[in-house]
Amino acid sequence: MRREPAGRARGDAGGLTRLAASGGAGVGVTLRIPCAIARRELLSLFVSPVATIVLFAFLLIHGATFHFYLRALDGELPAVLASQFGGVPFWFLCLMIPPLITMRSIAEERRAGTFELLVSTGAGDAEIIAGKFLAAWCFHTLLWLSVLPLLVLADRTGGIDWGVVVSLYAGLLLSGALYTAVGVLASSLTQNPLVAAVLGVTANLAIFFVNWLRVLHPPGALEIRYFEYLSPVHHFGNDFTQGVIDLRVAVLYLGTALWALFLAVKALERRRWS
Amino acid sequence: MPAGAGDEAPYGGVRPRLGGNGDPAVIEVVDLNRTFGRRRVLREVSFCVPPGRIAGFLGPNGAGKTTTMRILTTILPPDPGKGRVVVAGLDVREHGREVCRRVGYLPESMPIHPELRVDEHLRYRARLKGLPARRASRRIGDVLELCGLRDVSRRSLGVLSRGYRQRVGLADALLAEPDVLILDEPTSGLDPGQAAEVRQLIAGLREKTTVLLSSHVLGEVEQVCDLIVIIAGGVVCARESRDGWTDRLARAGRLELLLRGAPGDVSRRLRALPGVQEVISAGERHTISADRDVREAVFRLAVEQGWKLLELAPRPATLESLFLEVVSAGAPGRSDSPGTMGRPGSAA
């Protein structure tokens, strides 16, 4: 007898698109349920003041830093872009915002009991995780898109390389996928949103600081290349802000994000037996 | 309709059929076990609910009612093993999603997303349940009307009273026109008027929908349910049809007499009447326990003996007393051995 949750995600509704299927409970995924969950998540975010406050703070920080870099770098736009998307405020937002967006996603549902209600509709664990991730990733993307008008404004004087902007946003989408997936995983491990946020930030910091391990090795050592390959700081400094989209980096980010989401599904499955 | 009472053979391996008309039961639970870690919360639980019937699921706190209901709604899986849980003809292990589509579930305390409005919540639930947009709109209108939520449909769930939230939960459970409704304490937190409305609503579903409802309000169960399943310590202690428990209550009733001028051996003479099992006397007041109706015999005896019969009052047993009796007799200890009352066929 399989030790699997009863009946998670078997037998599709007519006309539904099946993205993945297996005999394993909680693995079969249809589009309908993740979309419904993501839609509800975004609705909840925007009917409460949370989204507005986060957007306001996000734009304020970006506006202030953009102004600062413009003045400090005499309006040299390529340098401004590199600083704007590679400085301390940028990494602060990159690492802190996704766990704050995702901290309530699963933890709050479980704490409030709405998770049980959600599962009673036949929503599989993978579908729930997919919906939560989709909502968080969309909101994260929206946050970064809100910065675009600043760049459009700066381009009135000329000098913005839109190819670089495209690669920057590709980097933001990819790293955003990774950080929000880690945030969803953290949220699936606890019923306390605050603990989920702390776990998410800690995990994101660990990913961020991986490049620091290079100090343990002599210059030119092979290991340093490994750490560079894994380091988001390196990817933004050498690829995305230079107009380069490295497929290996894309695979690394998306692969790690999928792995984190898979672990989140497993965390939910485990809940049924405890 | 016998709800398992009188079945001598255990259910193991046999598909129980309870409908008097030969219909298969809509809810079939056969030798269901469930453990959390080392704690065994359900022990070979077996019961059935025939189509269109309303079953009351009774038991003290921690008896395993909610766990059973969660398994029936596929929220929790049963332990692996020979046990079987079939809802609407579908095994919950094999056809969980299809089972979900056929079951409406109201949890004990209706959890909500406080920021959503009532209509938004129902629309969200309709999407999750896979209702097409047009049918969803029609059904939302129907259940808002049915559950008396029309006036609050644009209000946020967070500002609604507990009673209204419970109604929203019921509306949600009814949304997809399920074959089976599983209601965990549906009137919990409602005022008497609201509770009566909900009971009326549930009673109105008889014949159309099969309902399993848990409740601590035994009067409610008595009013609404066609059969009862009593569970204690994870073991089914009794399964009774309405006829069965009515008969049992009648048999368990007592007769109170107020006799004046009766001699000292009145207890002995009353005990000599056919069917009388016990007589408790306190001065002029005598209480008779009998396995049949002895009112006429008592009256005749009083007339023959010249006693002044001032009062002859039947005191029927209540479902509460029956519940307490069954639970105290059937609840197993902490050991892993199932209580004898828990075996199907040995109940009541």
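The following dialogue introduces a sheet in chain B and a helix pair in chain A of a predicted model.

Local features need pLDDT of at least 70 and side-chain atom pairs count only at pLDDT 80 or more, while totals for chains, interfaces and linings use all residues. Residues are numbered from 1 along each chain as its sequence is written, and chains are lettered from A and ligands numbered from 1 in the order in which they are written.

Trainee: Which strands of chain B stand at the edges of the open sheet?

Mentor: Strands are DSSP runs of E with at least two residues, and helices are runs of H or I with at least four, numbered from the N terminus; two strands pair if DSSP finds at least two bridges between them. The six strands of chain B follow the order β6-β7-β8-β3-β9-β10, with mixed pairing. Two of them have a single partner strand each, so one side of each is left without a neighbour in the sheet: β6 (103–106) and β10 (235–241).

Trainee: What is the bridge partner of Gly104(B) in β7(B)?

Mentor: β6(B) pairs with β7(B), residues 180–184, in the parallel sense over four bridges. In β7(B), the partner of Gly104(B) is Leu181(B).

Trainee: At what angle do the axes of α7(A) and α13(A) cross?

Mentor: Axes are lines fitted to C-alpha atoms, for helices over the stretch in contact, and angles run from 0 to 180 degrees between N-to-C directions. The axes of α7 (residues 125–145) and α13 (residues 247–271) of chain A come within 9 Å. They cross at roughly 130 degrees.
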